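Colleague: I am new to this structure and would love a friendly walk through one part of it. Could you take me in for a close look?

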Amino acid sequence: MATWNSRGLRGSTLEDMINKTNEKYAAAGLALIQKIPTPITPIRIDKENKQITLAYFEQKSTVDYIGAVQGIPVCFDAKECSSDTFALQNIHAHQVEFMKNFEKQGGIAFFLIYYTHKDVLYYLPLEMLLFFWNRSQEGGRKSFRYEELNPAYVLPVKHGILVPYLEAMKKDLEDR
């Protein structure tokens, strides 16, 4: 498996990779996905460096990205994980509720998880997340292990597309 470092992405974040992917998808006319900024209120600003040094979130954010793919409303959130265990505390109840309601309106919602220690990108359908979420709500594990995931949703390494989630999204729609 090729590593991200071999493509000159050392130091880039998952968000940077998704943004570059979304630019390519938009240029090809495949999708129009935008990053949703998290609204903040600055408390302290370093006037010399013109940087916010202290701020608070104005409201709970829902998802990182929202848009449309070939006429289908899409929303997703991006997470990084540095071990084989993904703690569900990294996902908030209001996000899950928003995504469930988004799908009730005919959209598709999912998570993109970058397992940094494995250099693997994973597309987590909302339905699969809900299985783990409900299990935790019923007193089960408060996390899920990489081994529990469906390997069919591992994102392949593609030339020129850093986070090729469209094929996994297509599979997600077919599996419904």
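Which residue forms a salt bridge with Asp 175, and how far apart are the closest N and O atoms?

Modeller: Happy to, and please keep in mind that this is a predicted model. The partner of Asp 175 is Lys 171, and the closest N and O atoms of this salt bridge are 2.9 Å apart. Both residues belong to helix α4, and because they sit four residues apart there, about one helical turn separates them. That spacing matters for a simple reason: an α-helix has 3.6 residues a turn, so residues three or four places apart point the same way. As for charge, side chains of opposite charge can pair when their charged atoms come close.

How open to the outside is this pair? Asp 175 is partly exposed, at 43% relative accessibility, and Lys 171 is partly exposed too, with a relative accessible area of 24%.

Helix α4 covers residues 165-175 and holds another pair with this spacing, Lys 170 and Glu 174, which are also four residues apart and separated by about one helical turn. Their salt bridge has its closest N and O atoms 4.0 Å apart. Here Lys 170 is exposed, with a relative accessible area of 55%, and Glu 174 is exposed as well, at 56%.

Now look at Tyr 165, where α4 begins. Tyr 165 is among the residues with the most contacts inside the largest nonpolar core, a group of 50 residues, and Tyr 115, Tyr 123 and Leu 124 are listed with it. Strand β7, residues 108-115, gives the most to this core, with eight residues. Beyond its neighbours within four places in sequence, Tyr 165 is in contact with residues including Thr 21, Tyr 25, Phe 76, Phe 110, Leu 112 and Tyr 123.

To place all this in the wider chain, there are four helices and nine strands, and of the 176 residues, 38% count as buried. The salt bridges come to eleven. One of them joins the side chains of Lys 118 and Asp 84, at 3.4 Å from N to O. Lys 118 lies in the loop between β7 and β8 and Asp 84 in the loop between β5 and β6, so this pair ties together parts that are 34 residues apart in sequence. Elsewhere, Glu 15, Lys 35 and Asp 64 are linked in a network of salt bridges.

Technical notes
Residues numbered from 1 in each chain as written. Predicted model: local features only at pLDDT ≥ 70, side-chain atom pairs only at ≥ 80, totals over all residues. Heavy atoms only, no water. Core = buried A, V, L, I, M, F, W, Y, C linked by side-chain atoms within 4.5 Å. Buried < 20%, exposed > 50% of the residue type's maximum accessible area, 1.4 Å probe, protein only. Helix = DSSP H or I, 4+ residues; strand = E, 2+ residues; numbered from the N terminus. Contact = heavy atoms within 4.5 Å.
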